[in-house]
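Reader: Hey, I've got a structure open and I'm a bit lost. Can you walk me through it?
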Amino acid sequence: MVSSNGSKYYLIMLFMFIIDIILYALLPVYNKVTPSIGGLPFFYTYQIFMLVVSSVLFLIPSLGDKK
């Protein structure tokens, strides 16, 4: 049987996963060549930014898990 703490962990992880999917689903918003940030088109800059954001989003529930 799953404890209340375990189901809370999965609920938080699901919430973070949904946020991540929504941010990646905004493709028409960031699929642009201009503006160029750091010499890279905005599309690639957003992808690099999302890599960091996704890592933080999935790190939050992992650090809160006391298993």
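Reader: Is Leu-11 buried or exposed?
Author: Leu-11 counts as exposed, because its relative accessibility is 57%. The cut-offs are under 20% relative accessible area for buried, over 50% for exposed, and partly exposed in between, with a 1.4 Å probe and protein chains only. Keep in mind that this is a predicted model: local features need pLDDT of at least 70, side-chain atom pairs count only at pLDDT 80 or more, and totals for chains, interfaces and linings use all residues. Residues are numbered from 1 along each chain as its sequence is written, and side-chain values use heavy atoms, with hydrogens and water left out.

Reader: OK, and where does Leu-11 lie?
Author: Leu-11 is part of helix α1, which covers residues 4–24. Helices here are DSSP runs (H or I, at least four residues), strands are runs of E with at least two, and both are numbered from the N terminus. The C-alpha atoms of Leu-11 and Pro-61 are 9.5 Å apart, with the two positions 50 residues apart along the chain.

Reader: Which residues make a nonpolar surface patch with Leu-11?
Author: Leu-14, Ile-18 and Ile-22 join Leu-11 in a patch of about 380 Å². Patch residues have over 30% relative accessible area and no salt bridge (a side-chain nitrogen of Lys or Arg within 4 Å of a carboxyl oxygen of Asp or Glu); like charges are joined within 9 Å, and nonpolar side chains (Val, Leu, Ile, Met, Phe, Trp, Tyr) within 5 Å. Leu-14 is also in helix α1, and its relative accessible area of 46% makes Leu-14 partly exposed.

Reader: Switching topic, what's in the largest nonpolar core?
Author: Six residues: Met-16, Tyr-30, Tyr-46, Met-50, Val-53 and Leu-57. Helix α3 (residues 42–64) gives the largest share of this core, four residues. A core like this is a set of buried Ala, Val, Leu, Ile, Met, Phe, Trp, Tyr and Cys residues joined through side-chain atoms within 4.5 Å.

Reader: What is Tyr-30 in contact with?
Author: Contact means heavy atoms within 4.5 Å. Leaving aside neighbours within four places in sequence, Tyr-30 touches Leu-23, Tyr-24, Phe-42, Phe-43, Tyr-46 and Gln-47.

Reader: How many aromatic pairs does the structure hold?
Author: Two. In Phe-17 and Phe-58, the ring centres are 6.2 Å apart and the planes are at 45°, so that pair is tilted. The pair links distant parts of the chain, with Phe-17 in helix α1 and Phe-58 in helix α3, 41 residues apart. Rings of Phe, Tyr and Trp (its six-membered ring) pair if their centres lie within 6.5 Å; planes under 30 degrees apart are stacked, over 60 edge-to-face, and the rest tilted.

Reader: And what about Tyr-46 and Phe-49?
Author: Their ring centres are 6.4 Å apart with planes at 45°, so this pair is tilted. Tyr-46 and Phe-49 are three residues apart in helix α3, so about one helical turn separates them. Tyr-46 counts as buried, at 13% relative accessibility.

Reader: Hm, is Asp-20 buried or exposed?
Author: Asp-20 is buried, because its relative accessible area is 8%. Asp-20 is in helix α1. Outside the neighbours within four places in sequence, Asp-20 is in contact with Met-50, Ser-54, Leu-57 and Phe-58.

Reader: Last one: what pattern does the whole chain follow?
Author: Along the sequence, the protein chain reads α-α-β-β-α, which comes to three helices and two strands. Buried residues make up 18% of the 67 residues.

Key
Accessible areas come from the Shrake-Rupley method with a 1.4 Å probe; for residues, only the protein chains shown count as cover.
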